[in-house]
Amino acid sequence: MTHITNLDTVWNHLKSENVDHEVDIQPPKKYGWLSVFCNLLQPKSNLLPKELSDEKSVLIKLSKCPFNHEDPFHMQMISTLFNKLTGLNSPAALGSHWEIVGFQGVDPATDFRGVGILGLLQPLAVCLCVETLPFMSNVVSLSHSPSQGFPFMVLSLNVSNIVLKALKDGVLDRMIKEKETVLGVTTICYTAILFFIYDNWKKEKLTLSDCGSVFKRAETICKKELSRHISSFDNYIKDLTLNETPAVQLEQVQFDFIKDMSNSAAMTT
């Protein structure tokens, strides 16, 4: 099976698909009459422009779109992800090989139920960038640690779920408006949260028993400290670029929203 080499190819295809699911964007929480009054005073300029609002809707719809073995593009996406993470080619649709990258069983489709194709799009987007692929390789390497191992894709899908909640709740809207890209901001958010978990997993010698607490910390960071952790990930990537050479020279992929992450450190979410 031919592997995908460009994120634009993936995004353009997914946007063009007719995803027939309701968009469930959570309304802001209200606490009595004061909150209602403040909402009435909220300037309309804070709303996302239509193009960005539509892009946000597409991503939320993708979270409701199940992975389908019969869809050739879905299989191309997951085969590309498998190849980027392992160096192995064209896995069969079902089999124990999926456990290598941290699916829970022989059928990866069962793990995507919570976040749909969004949970496949996010790690694939990071793997399609020559600058951030080494980071994903390091995370997968840690996931195979005899003492600190974890199922990578299960962890990744939990990160995607955190990002999805932030997207629905409007937590990312300010950054989206600043960057003028929803896909870019959600990918930045995904990588920053995944890096936080990876970094702390290593430093604090965490194990599977710590998953609950580290996910709660990640949710808090996504809501209150995202900019600082985006900056930390940006510095980590710069160090990787200086100190490590990828084993395989991949085609350079346009990923401007990752390169521009340091500029978002001044923002608050």
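**Exercise 1. Work out how exposed K203 is, and find its salt-bridge partner.**

Step 1: K203 has a relative accessible area of 63%, so K203 counts as exposed. The scale here is buried under 20% relative accessible area, exposed over 50% and partly exposed in between, with a 1.4 Å probe and protein chains only.

Step 2: Keep in mind that this is a predicted model, where local features need pLDDT of at least 70, side-chain atom pairs count only at pLDDT 80 or more, and totals for chains, interfaces and linings use all residues. Residues are numbered from 1 along each chain as its sequence is written, and side-chain values use heavy atoms, with hydrogens and water left out.

Step 3: A salt bridge needs a side-chain nitrogen of Lys or Arg within 4 Å of a carboxyl oxygen of Asp or Glu. K203 pairs with D199, at 3.0 Å from N to O.

Step 4: Both residues sit in helix 9 (residues 182-203), 4 residues apart, about one turn of the helix. Helices are DSSP runs of H or I with at least four residues, strands are runs of E with at least two, and both are numbered from the N terminus.

**Exercise 2. Look at the salt bridges of R217 and R228.**

Step 1: R217 forms a salt bridge with E204, and their closest N and O atoms are 3.1 Å apart. This pair links distant parts of the chain: R217 is in helix 10 (residues 211-224), E204 is in the loop between helix 9 and helix 10, and they are 13 residues apart.

Step 2: Check the exposure. R217 is partly exposed at 31% relative accessible area, and E204 is partly exposed too, at 38%.

Step 3: R228 bridges to E225 with closest N and O atoms 2.3 Å apart. E225 is partly exposed, at 31%. The structure holds 6 salt bridges.

**Exercise 3. Classify the ring pair F135 and Y198.**

Step 1: Rings of Phe, Tyr and Trp (its six-membered ring) pair if their centres lie within 6.5 Å; planes under 30 degrees apart are stacked, over 60 edge-to-face, and the rest tilted. That rule gives 13 aromatic pairs.

Step 2: For F135 and Y198, the centres are 5.8 Å apart and the planes 85° apart, an edge-to-face pair. F135 in helix 6 (residues 133-143) and Y198 in helix 9 are 63 residues apart, so the pair links distant parts of the chain.

Step 3: F135 is buried at 0% relative accessibility, and Y198 is buried at 7%.

**Exercise 4. Explain why C222 is not in a disulfide.**

Step 1: A disulfide is a pair of cysteine sulfur atoms within 2.5 Å. The count is 0.

Step 2: The closest cysteine sulfur to that of C222 is in C189, 3.5 Å away, so it is too far for a bond. For C127, the closest is in C129, at 10.0 Å, again too far.

Step 3: C222 is buried at 1% relative accessible area, and C127 is buried at 0%.

**Exercise 5. Place I193 in the largest nonpolar core.**

Step 1: A nonpolar core is a set of buried Ala, Val, Leu, Ile, Met, Phe, Trp, Tyr and Cys residues joined through side-chain atoms within 4.5 Å. The largest one has 82 residues, and I193 and F135 are among those touching the most other members. Helix 9 supplies the largest share of this core, 14 residues.

Step 2: Not counting residues up to four places away in sequence, I193 touches V159, I162, A218, I221, C222 and L226, where contact means heavy atoms within 4.5 Å.
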